Amino acid sequence: MTQNVISIDIPAELLAKLDAALDAIEAVTDIFEPISEEQMRALAKMGDRLEPFCRLAAAVLPQYPQALPPSFSVAELQRDLAAFDALRPRVHRLAKALEKSQDTLTALGSDVYAGARDGYTLMKAHGESDGLDLLRASLPDRSPRLRLDKPDPAA
């Protein structure tokens, strides 16, 4: 193979640990609420520019309870901010782990494709010998860009 971006053997024990960790993450995140794409688009979002305002409001509002209607829950605002602060570093860690996992998966897929392409090219150069005619015949059906013969212009 001409490309080998990554070479990794994943032992069964490591996959079992990964599965157990994912099971634990899924169990813990059962309390999280899924939000539809439509709901997500409609939500006001606290970005980096609004976060200082939100933090200041959460600190100042409890000092003026007389200015707030009874339906306004400062305690709920503070609970949400505390949960946000507790969850954010963990979500960042998960995102980094997911990014590394996705990068590894992409590199492995690229290596597999490059190897298959190189093997196909070598197979083409050696004709139908060595019992590879069945594999060679199946390649165009799976990858239209890899053609064995030039298309018949009369067809």
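Exposed, in this report, means over 50% relative accessible area, and buried means under 20%. With that in hand, here is a short tour of the structure above, which is a predicted model.

## The chain as a whole

Let us start with the overall fold. The chain has five helices and zero strands, so its pattern along the sequence, as helices are defined here, reads α-α-α-α-α. Of its 155 residues, 11% are buried. The exposed area of the chain comes to about 13000 Å², and 61% of that area is supplied by carbon and sulfur atoms. How do the contacts spread along the sequence? Counting contacts between residues at least 6 apart, 55% join residues that are at least 24 apart.

## Two sides of helix α3

Helix α3 makes a good place to look closely. Which residues of α3 are buried? They are E51, A57 and A58. Because these buried residues cover an arc of only 125 degrees around the axis, they sit on the same side of α3. On the other side of the helix, P52, F53 and L56 are exposed. The partner of the buried residues is α4, against which they pack.

Two of these residues show how the packing looks in detail.

E51 has its place in helix α3. Is this glutamate buried or exposed? Its relative accessibility is 12%, so E51 counts as buried. Setting aside neighbours within four places in sequence, the contacts of E51 are M46, F84 and R88.

A58 also lies in helix α3. At 5% relative accessibility, A58 counts as buried because the cut-off is under 20%. Leaving out residues up to four places away in sequence, A58 touches L77, Q78 and L81. Another way to see how the chain comes back to this spot is through A75: the C-alpha atoms of A58 and A75 are separated by 9.1 Å, while the two residues are 17 apart along the chain.

From the α4 side, F84 is worth a look. F84 is placed in helix α4, and its contacts, not counting residues up to four places away in sequence, are M46, E51 and R55. With 31% relative accessibility, F84 counts as partly exposed, because this value falls between the 20% and 50% cut-offs.

## The pockets

Next come the open spaces. Rolling a probe the size of a water molecule over the atoms shows where empty space is left. The table sets out the two pockets side by side.

| Pocket | Volume | Lining by class |
|---|---|---|
| Largest pocket | about 880 Å³ | 20 nonpolar, one polar and three charged residues |
| Second largest pocket | about 540 Å³ | 13 nonpolar, three polar and one charged residues |

Which residues lie nearest the centre of the largest pocket? Among the 24 residues that line this pocket, they are M46, D80, A83, F84 and L87. Two of these names are already familiar, since M46 and F84 are both contacts of E51. The elements that each supply at least two residues of the lining are α3 (51-60) and α4 (74-125). Of the elements, α4 gives the most to this lining, with 10 residues.

The second largest pocket has a volume of about 540 Å³. It is lined by 17 residues, and those closest to its centre are L18, L22, A97, S101 and Q102. Two or more residues of this lining come from each of α1 (12-28) and α4. Which element gives the largest share here? It is α4, with nine residues.

## Putting it together

Helix α4 links the parts of this picture. The buried residues of α3 pack against α4, and α4 gives the most to the lining of the largest pocket. The largest share of the lining of the second largest pocket comes from α4 as well. F84, which touches E51, is among the residues that lie nearest the centre of the largest pocket.

Definitions and conventions. Residues are numbered from 1 along each chain as its sequence is written. This is a predicted model: local features need pLDDT of at least 70, side-chain atom pairs count only at pLDDT 80 or more; totals for chains, interfaces and linings use all residues. Side-chain values use heavy atoms; hydrogens and water are left out. On a 1 Å grid over the protein atoms alone, a cavity is a set of points where a 1.4 Å probe fits but cannot get out, and a pocket is an open set with protein on both sides within 12 Å along at least five of seven lines; lining residues have an atom within 4 Å of a point. Grid points are joined across faces, edges and corners, and a volume is the space filled by probe spheres set on the points. Helices (H or I, at least four residues) and strands (E, at least two) are DSSP runs, numbered from the N terminus. Ala, Val, Leu, Ile, Met, Phe, Trp, Tyr, Cys and Pro count as nonpolar, Asp, Glu, Lys and Arg as charged, and the others, Gly among them, as polar. Buried means under 20% relative accessible area, exposed over 50%, partly exposed in between (1.4 Å probe, protein chains only). Contact means heavy atoms within 4.5 Å. Accessible areas come from the Shrake-Rupley method with a 1.4 Å probe; for residues, only the protein chains shown count as cover. The arc is that of the directions from the helix axis to the C-beta atoms.
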